[in-house]
Amino acid sequence: MEPGKGAAFDIPAKWLDQTGSSDIWLSSLPAVELGGSLDYLLNYPYGCLEQTTSKSFPLLYLADLAEQARPGWLDRKQVANFVQAGIHRILTMQRDDGSFSLWTGCEAYTWGSIYATHFLVEAAKAGYRPPEERVKAACDYLEKWMAQRSAPKNDEGTGDDV
């Protein structure tokens, strides 16, 4: 839409009253196109380890983008609250040995442990404060796991794959 020009929108017909809604965001910034994705990210409905980590990781960088995509929509404190909630949820799935389970109280999930630990390390680098002892326990678990992996012998392969 060009500056100073109007636009017409057709609203879909045959909707039951009170069953739908629409939002229109206008901006000269291209990032406004990401607004729907931000809504989806913040309202992602699932909570296993992978899903929580996948929702939380982009939040580390959301504060800068949110202001461009939807000015006045989220402030830095709100984004920080979302990140802290993600950190807390992820830590509920950490086991005594430092690993993480797919759901709270389940067996160790190595790939998820790598992913969650990566998030926690990046969260700390971004200025959030996951408990240091919990991050250390996660890193220690991964170091022990890596030490137990068999090293390749000549051209025989790499042993177990992740």
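Two residues are in contact here when heavy atoms of each lie within 4.5 Å of one another, and that is the sense in which the word is used at every stop of this tour through a predicted model.

**The whole chain**

Begin with the entire protein chain selected and coloured by secondary structure, which comes to 6 helices and 0 strands, so that, by the DSSP runs used to assign them, the pattern read along the sequence is α-α-α-α-α-α. Switching to a surface display, you are looking at about 11,400 Å² of exposed area, of which carbon and sulfur atoms supply 53%, while 30% of the 162 residues count as buried. If you then turn on contacts between residues at least 6 apart in sequence, 59% of them join residues that are at least 24 apart.

**Helix 4 against helix 5**

Next select residues 76–91, which form helix 4, together with residues 110–125, which form helix 5, and view the pair from the side: their axes come within 11 Å and cross at roughly 145 degrees, and helix 4 passes helix 5 in a left-handed crossing. Showing side chains here brings up I87, I90 and L91 from helix 4, which meet A116, F119, L120 and A123 from helix 5. Sorted by class, this contact has 7 nonpolar residues, with no polar and no charged ones.

**E122, within helix 5**

Staying on helix 5, select E122, which has its place in that helix. Is this glutamate, E122, buried or exposed? E122 counts as buried because its relative accessibility is 18%, where the cut-off for buried is under 20%. Leaving out residues up to four places away in sequence, E122 touches F57, L60 and Y61, and Y61 is worth keeping on display for the next stop.

**A126, just along the chain**

Move now to A126, in the loop between helix 5 and helix 6, the latter covering residues 132–148. A126 counts as partly exposed, because its relative accessibility is 38%. A distance drawn from the C-alpha of A126 to that of Y61 reads 8.4 Å, although the two residues are 65 apart in sequence.

**C106 and C48**

Finally, select C106, which is found in the loop between helix 4 and helix 5. Which residues does C106 contact, leaving aside its neighbours within four places in sequence? They are R95 and S101. Extending the selection to Q94, you will find C106 and Q94 12 residues apart in sequence and 9.6 Å apart in space, taken from C-alpha to C-alpha. C106 is classed as partly exposed because its relative accessible area is 37%; C48, by contrast, counts as buried because its relative accessibility is 8%. With the cysteine sulfur atoms displayed, a disulfide would call for a pair within 2.5 Å, and by this rule the count comes to 0 disulfides.

Terms used:
Residues are numbered from 1 along each chain as its sequence is written. This is a predicted model: local features need pLDDT of at least 70, side-chain atom pairs count only at pLDDT 80 or more; totals for chains, interfaces and linings use all residues. Side-chain values use heavy atoms; hydrogens and water are left out. Axes are lines fitted to C-alpha atoms, for helices over the stretch in contact, and angles run from 0 to 180 degrees between N-to-C directions. Helices (H or I, at least four residues) and strands (E, at least two) are DSSP runs, numbered from the N terminus. A crossing is left-handed if the near helix is turned anticlockwise from the far one by less than a right angle, and right-handed if clockwise. Ala, Val, Leu, Ile, Met, Phe, Trp, Tyr, Cys and Pro count as nonpolar, Asp, Glu, Lys and Arg as charged, and the others, Gly among them, as polar. Buried means under 20% relative accessible area, exposed over 50%, partly exposed in between (1.4 Å probe, protein chains only). Accessible areas come from the Shrake-Rupley method with a 1.4 Å probe; for residues, only the protein chains shown count as cover.
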